[in-house]
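Student: I've just opened this one and I'm new to it. Could you walk me through it and show me how each label is earned?

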Amino acid sequence: MNLDLRNLTALVCGSTAGIGKAIATELALLGANCILMARNEEKLKAAVAELARQGEQQHSYRVADFSDVARVKAAAESIEGPVHILINNTGGPRGGALLDADDAQFLEAFSQHVICNQLLARIFTGGMKAAGYGRIVNVISTSVKIPLKGLGVSNTIRGATASWAKTLSNELAPFGITVNNVLPGFTETDRLESLIAGNAAAKNSTPEEVAAGMRSEVPLGRFGRPEEIAALAAFLCTPAASYITGASIRADGGRTGSI
């Protein structure tokens, strides 16, 4: 099985912590040159310094906040040479009931997820076509399969992102470029801690009680680790995954109730 990513360049968004950082770690271990993109430069420097280096492998970073589309565009366009692997990953919209959300929340979330993904795809797919190799992996959510309670805006935007990705996969398939979605379940990240704290406050409960209830919903009986989600994402970037495209693959410990 060919998992070799040497001489390929990967742009990993939201890569200073959690799942994004874990994906960058895995891609570097497989030999890719990694460009990290996030909003905090000090954290970017630290994350780049931790990545594995073999031979002439090189890593770098770009500073961009995904709430600023123009900044993301400028950062992406500053990258020299082809990007063969694009990992779209950014923080999810804040929780809450659908009818409690105002228009601005929807517009902000749509911009951060769909518009930024579209922007990066347009910038980098030309280079992928020329190089004869391309992988786009979007880190989304299991809400693509079954909407999650209390995440009205997120459910809406995640679904839109998945539909965008499926459409793009069909358009890029003739060029051998694959587009897939990774759907994490409950994963040990800052995002999960925030959701637990919010649910605890809303229910007048403790974070420990809320977390225990969430773990009970997972057949494997625990939360996922970022590196477990990253392993799936990294595989989809390899030559071995060349016949997988347009897929939304769950990594959720069995929690999602659909087949």
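**How the labels are earned**

Tutor: Let's start with Phe186, which counts as buried at 17% relative accessibility. Keep in mind that this is a predicted model.

Student: What makes 17% enough for Phe186 to count as buried?

Tutor: Buried means under 20% relative accessible area. Phe186 has 17%, so it counts as buried.

Student: And Phe223, buried or exposed?

Tutor: Buried: the relative accessible area of Phe223 is 7%, and the cut-off is again under 20%.

Student: How many aromatic pairs does the structure hold?

Tutor: One. Phe186 and Phe223 form that pair, with 5.9 Å from centre to centre and 80° between the planes.

Student: Why is the pair of Phe186 and Phe223 called edge-to-face?

Tutor: Two checks. Ring centres have to lie within 6.5 Å to pair, and planes over 60 degrees apart count as edge-to-face. With 5.9 Å and 80°, Phe186 and Phe223 meet both conditions.

Student: Which parts does the pair tie together?

Tutor: Phe186 sits in the loop between β6 (177-184) and α6 (190-203), while Phe223 sits in the loop between α7 (207-216) and α8 (226-236), so the pair links parts that are 37 residues apart in sequence.

Student: Now the helices. At what angle do α6 and α7 pack?

Tutor: At about 115°, and their axes are 8 Å apart. That makes α6 roughly perpendicular to α7, because the roughly perpendicular range is 65 to 115 degrees.

Student: Which residues make that contact?

Tutor: From α6 there are Leu192, Ile196, Asn199 and Ala200; from α7 there are Pro207, Val210, Ala211 and Met214. The crossing of α6 and α7 is right-handed.

Student: Why are α1 and α8 called oblique to each other?

Tutor: Helix α1 (residues 18-29) and α8 pack at an angle of about 55°, with axes 8 Å apart. Roughly parallel needs under 35 degrees, roughly perpendicular needs 65 to 115, and roughly antiparallel needs over 145. The angle of about 55° fits none of those ranges, so α1 and α8 are oblique.

Student: What makes the contact between them?

Tutor: On the α1 side, Gly18, Ile19, Ala22, Ile23, Glu26 and Leu27 take part; on the α8 side, the list includes Pro226, Ile229, Ala230 and Ala233. This crossing of α1 and α8 is right-handed too.

Student: Where is Val137 found?

Tutor: Val137 is in strand β5 (residues 134-139). At 1% relative accessibility, Val137 counts as buried.

Student: Which residues does Val137 touch?

Tutor: Not counting residues up to four places away in sequence, Val137 touches Leu86, Ile87, Asn88, Asn180, Val182, Ala233, Leu236 and Cys237.

Student: What about Ser143, buried or exposed?

Tutor: Ser143 lies in the loop between β5 and α5 (152-172). With a relative accessible area of 5%, Ser143 is buried. Leaving aside neighbours within four places in sequence, Ser143 is in contact with Leu148, Ser154, Asn155 and Arg158.

Student: How do you know that Gln112 counts as buried?

Tutor: Its relative accessibility is 15%, set against a limit of under 20%. Gln112 lies in helix α4 (residues 103-131), and, apart from neighbours within four places in sequence, Gln112 is in contact with Phe66, Ser67, Thr90 and Gly91.

Student: Why is Gly254 called partly exposed?

Tutor: Exposed needs over 50% and buried needs under 20%, with partly exposed in between. Gly254 has 41%, so partly exposed is the label. Gly254 is placed in the segment after β7 (248-251).

Student: What makes Asn204 exposed?

Tutor: Asn204 has a relative accessible area of 75%, and exposed means over 50%. Asn204 is in the loop between α6 and α7, and has a positive phi of about 55° although it is not a glycine.

Student: And Asn7, buried or exposed?

Tutor: Exposed, with a relative accessible area of 70%. Asn7 lies in the segment before β1 (9-13), and its phi is near 70°, a positive value in a residue other than glycine.

Student: Last one: what lies over the face of Phe175?

Tutor: Lys129, at 4.2 Å from the ring centre. Arg135 likewise lies over the face of Tyr133, at 4.4 Å from the ring centre.

Notes. Residues are numbered from 1 along each chain as its sequence is written. This is a predicted model: local features need pLDDT of at least 70, side-chain atom pairs count only at pLDDT 80 or more; totals for chains, interfaces and linings use all residues. Side-chain values use heavy atoms; hydrogens and water are left out. Helices (H or I, at least four residues) and strands (E, at least two) are DSSP runs, numbered from the N terminus. Buried means under 20% relative accessible area, exposed over 50%, partly exposed in between (1.4 Å probe, protein chains only). Rings of Phe, Tyr and Trp (its six-membered ring) pair if their centres lie within 6.5 Å; planes under 30 degrees apart count as stacked, over 60 as edge-to-face and the rest as tilted. A charge sits over a ring if NZ of Lys or CZ of Arg is within 6 Å of the ring centre and within 35 degrees of the ring normal. Axes are lines fitted to C-alpha atoms, for helices over the stretch in contact, and angles run from 0 to 180 degrees between N-to-C directions. A crossing is left-handed if the near helix is turned anticlockwise from the far one by less than a right angle, and right-handed if clockwise. Contact means heavy atoms within 4.5 Å.
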